[in-house]
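Trainee: I have a new structure to learn. Can we go through the terms one by one?

Mentor: Yes. Ask what each label rests on, and we will check the value against the cut-off.

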Amino acid sequence: MSIHKILVTGANGQLGWELAQAASSFPEFEFVFVDRTILDLAKPESFDAIINSIVPDAIINTAAYTAVDKAEIEKELAYTVNALAVQELARISKNLGIPFISYSTDYVFNGNATSPYLPDTTVDPVNYYGTTKADGERMAMDANEQTIIIRTSWVFSKHGNNFVKTMLRLMKERANLSIVGDQQGRPTYAKDLALATIQMLIAINKGQEIKGIYHYANTGETSWYEFAQKIKELADLKCDLKAINTIDFPTPAKRPAYSVLDTHKIESEISITIPNWEIALSECIVALLKNNY
Ligand SMILES: NC(=O)c1ccc[n+]([C@@H]2O[C@H](COP(=O)([O-])OP(=O)(O)OC[C@H]3O[C@@H](n4cnc5c(N)ncnc54)[C@H](OP(=O)(O)O)[C@@H]3O)[C@@H](O)[C@H]2O)c1
């Protein structure tokens with residue numbers, strides 16, 4: 001079956017918004033975007049009626065409980081949204097005989113590695129958010145063999161809340177800032193991830209078998225401190241930045257020290273070249289500066 005009509009959850013999130021921006025460039029697809037007022041992931045029992053009224057050829061779930069620290073407290077809600085709802089979306093997709101795409105995180109890994117994590121590396125989350133996402137991955141793949149999980153990391157966009165926009169605001173307000181320098185990862189421009197997701201749909205329509213776990217992040221790796229330095233340079237800000245250690249910046253949820261994702265599988269299977277994170281960041285900052293953030 002060819003994919004034409006695609007239901008996308010999380011319309012107001014970074015990735016949902018970037019998919020909506022990209023949609024008009026792909027007229028072969030009809031995207032139906034829903035936000036939490038239409039499809040509330042905290043209420044999986046409501047999904048059947050809503051999805052059966054849309055009758056999609058694929059479901060892309062960008063919605064998630066993404067408040068990493070708050071998830072340590074709001075455990076039940078985080079688990080419902082990131083695991084039970086994802087399982088239910090996969091089950092409904094299975095009944096409709098359609099592919100299900102959902103996103104996961106570098107935080108499913110424990111951070112003890114010293115080389116990039118492969119999609120088949122055993123998960124071992126160090127915080128509750130990571131636990132809910134790891135459970136959601138497994139439960140969705142068990143419910144529908146046409147499930148595609150795309151793990152990503154350190155997502156930023158012109159739209160929504162993210163590290164880039166927080167840094168731009170804080171660097172304008174403050175004379176100095178301390179940023180964690182001993183966590184290593186790969187920033188991801190939600191716009192690039194949205195385009196890669198659409199390339200996957202195109203590959204499926206060409207008859208390619210795409211299923212299971214993939215990793216997507218912009219190329220290159222960095223620390224939060226170096227990421228902030230680059231933001232400062234690109235936005236021409238004056239704030240003094242100091243690198244600190246994770247131990248000096250305690251947070252409710254632990255973070256993996258090293259969460260670099262290996263993206264070779266997605267690059268080779270759908271023949272894409274992933275942009276470098278500094279180039280992607282520069283494009284995002286130019287757009288943000290144009291709109292005065
Ligand atoms: N952001 C990152 O750094 C990051 C890193 C690794 C992986 N990921 C994963 O990448 C995917 C996309 O993330 P993102 O950056 O686009 O996240 P985001 O900007 O935080 O957006 C998440 C969206 O989910 C929606 N949502 C939350 N609870 C909901 C509910 N109960 N019902 C319906 N919608 C709900 C939010 O709705 P409202 O707008 O109404 O609040 C928001 O629009 C997620 O699976 C996330 O776990 C993100």
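Mentor: Start with Ile231. Leaving aside its neighbours within four places in sequence, Ile231 is in contact with Val164, Met167, Leu168, Leu281 and Ile285. Keep in mind that this is a predicted model.

Trainee: What makes those residues contacts of Ile231?

Mentor: The cut-off is C-beta atoms within 7 Å. Val164, Met167, Leu168, Leu281 and Ile285 are listed as meeting it with Ile231.

Trainee: Which residues have the most contacts inside the largest nonpolar core?

Mentor: Ile231 and Cys284 do, in a core of 74 residues. Helix α3, residues 75–96, gives the largest share of this core, with eight residues.

Trainee: Which residues join α5 to α7?

Mentor: In α5 they are Phe163, Val164, Met167, Leu168 and Met171. In α7 they are Phe227, Ala228, Ile231, Lys232 and Ala235. By class, nine are nonpolar, none is polar and one is charged.

Trainee: How do the axes of α5 and α7 lie?

Mentor: The axes of α5 (residues 163–173) and α7 (residues 224–235) come within 10 Å and cross at roughly 60°. The crossing is right-handed.

Trainee: Now α3 and α4. Why is α3 called roughly parallel to α4?

Mentor: Look at the angle. The axes of α3 and α4 (residues 128–143) cross at roughly 15° and come within 8 Å. Angles under 35 degrees count as roughly parallel. So α3 is roughly parallel to α4.

Trainee: What is the hand of that crossing of α3 and α4?

Mentor: Right-handed. Many residues take part on both sides, so let us name some.

Trainee: Which residues of α3 and α4 meet?

Mentor: From α3, they include Lys75, Ala78, Tyr79 and Asn82. From α4, they include Tyr128, Tyr129, Thr132 and Lys133. By class, the contact has ten nonpolar, four polar and five charged residues.

Trainee: Then why is α2 called oblique to α3?

Mentor: The axes of α2 (residues 47–54) and α3 come within 11 Å and cross at roughly 40°. Roughly parallel needs an angle under 35 degrees, and roughly perpendicular needs 65 to 115. The angle fits neither class, so α2 is oblique to α3.

Trainee: Which residues make the contact of α2 with α3?

Mentor: Phe47, Asp48 and Ile51 of α2, with Glu88, Leu89 and Ile92 of α3. Four are nonpolar, none is polar and two are charged. The crossing is right-handed.

Trainee: Ile54 is in α2 too. Why is Ile54 called partly exposed?

Mentor: Count its neighbours. Ile54 has 14 other C-beta atoms within 10 Å. Buried takes 20 or more, and exposed takes 12 or fewer. The count for Ile54 falls in between, so Ile54 is partly exposed.

Trainee: What does Ile54 touch, leaving aside its neighbours within four places in sequence?

Mentor: Leu7 and Val32. Its C-alpha atom is also separated by 9.2 Å from that of Ile6, 48 residues apart along the chain.

Trainee: How do you know that Ile3 is partly exposed?

Mentor: Ile3 has 18 C-beta neighbours inside 10 Å. That count lies between the two cut-offs, 12 and 20, so Ile3 counts as partly exposed. Ile3 sits in the segment before β1. Beyond four places in sequence, its contacts are Asp57, Ala58, Leu201, Ile204 and Asn205.

Trainee: What makes Trp154 buried?

Mentor: Trp154 has 24 C-beta neighbours inside 10 Å. The cut-off is 20 or more, so Trp154 counts as buried. Trp154 lies in the loop between β5 (147–152) and β6. Its phi is positive, about 45°, although Trp154 is not a glycine.

Trainee: And Ser271: buried or exposed?

Mentor: Exposed. Ser271 has 10 C-beta neighbours inside 10 Å, and exposed means 12 or fewer. Ser271 is found in the loop between α8 (264–269) and α9 (277–290). Ser271 has a positive phi of about 50°, and it is not a glycine.

Trainee: Which residues of α1 are buried?

Mentor: In α1 (residues 14–23), they are Gln14, Leu15, Gly16, Trp17, Glu18 and Leu19. What covers them includes β1, β2, β3, β4, β6 and α6.

Technical notes: Residues are numbered from 1 along each chain as its sequence is written. This is a predicted model: local features need pLDDT of at least 70, side-chain atom pairs count only at pLDDT 80 or more; totals for chains, interfaces and linings use all residues. A nonpolar core is a set of buried Ala, Val, Leu, Ile, Met, Phe, Trp, Tyr and Cys residues joined through C-beta atoms within 7 Å. Helices (H or I, at least four residues) and strands (E, at least two) are DSSP runs, numbered from the N terminus. Two residues are in contact if their C-beta atoms, placed from the backbone, lie within 7 Å. Axes are lines fitted to C-alpha atoms, for helices over the stretch in contact, and angles run from 0 to 180 degrees between N-to-C directions. Angles under 35 degrees count as roughly parallel, over 145 as roughly antiparallel, 65 to 115 as roughly perpendicular and the rest as oblique. A crossing is left-handed if the near helix is turned anticlockwise from the far one by less than a right angle, and right-handed if clockwise. Ala, Val, Leu, Ile, Met, Phe, Trp, Tyr, Cys and Pro count as nonpolar, Asp, Glu, Lys and Arg as charged, and the others, Gly among them, as polar.
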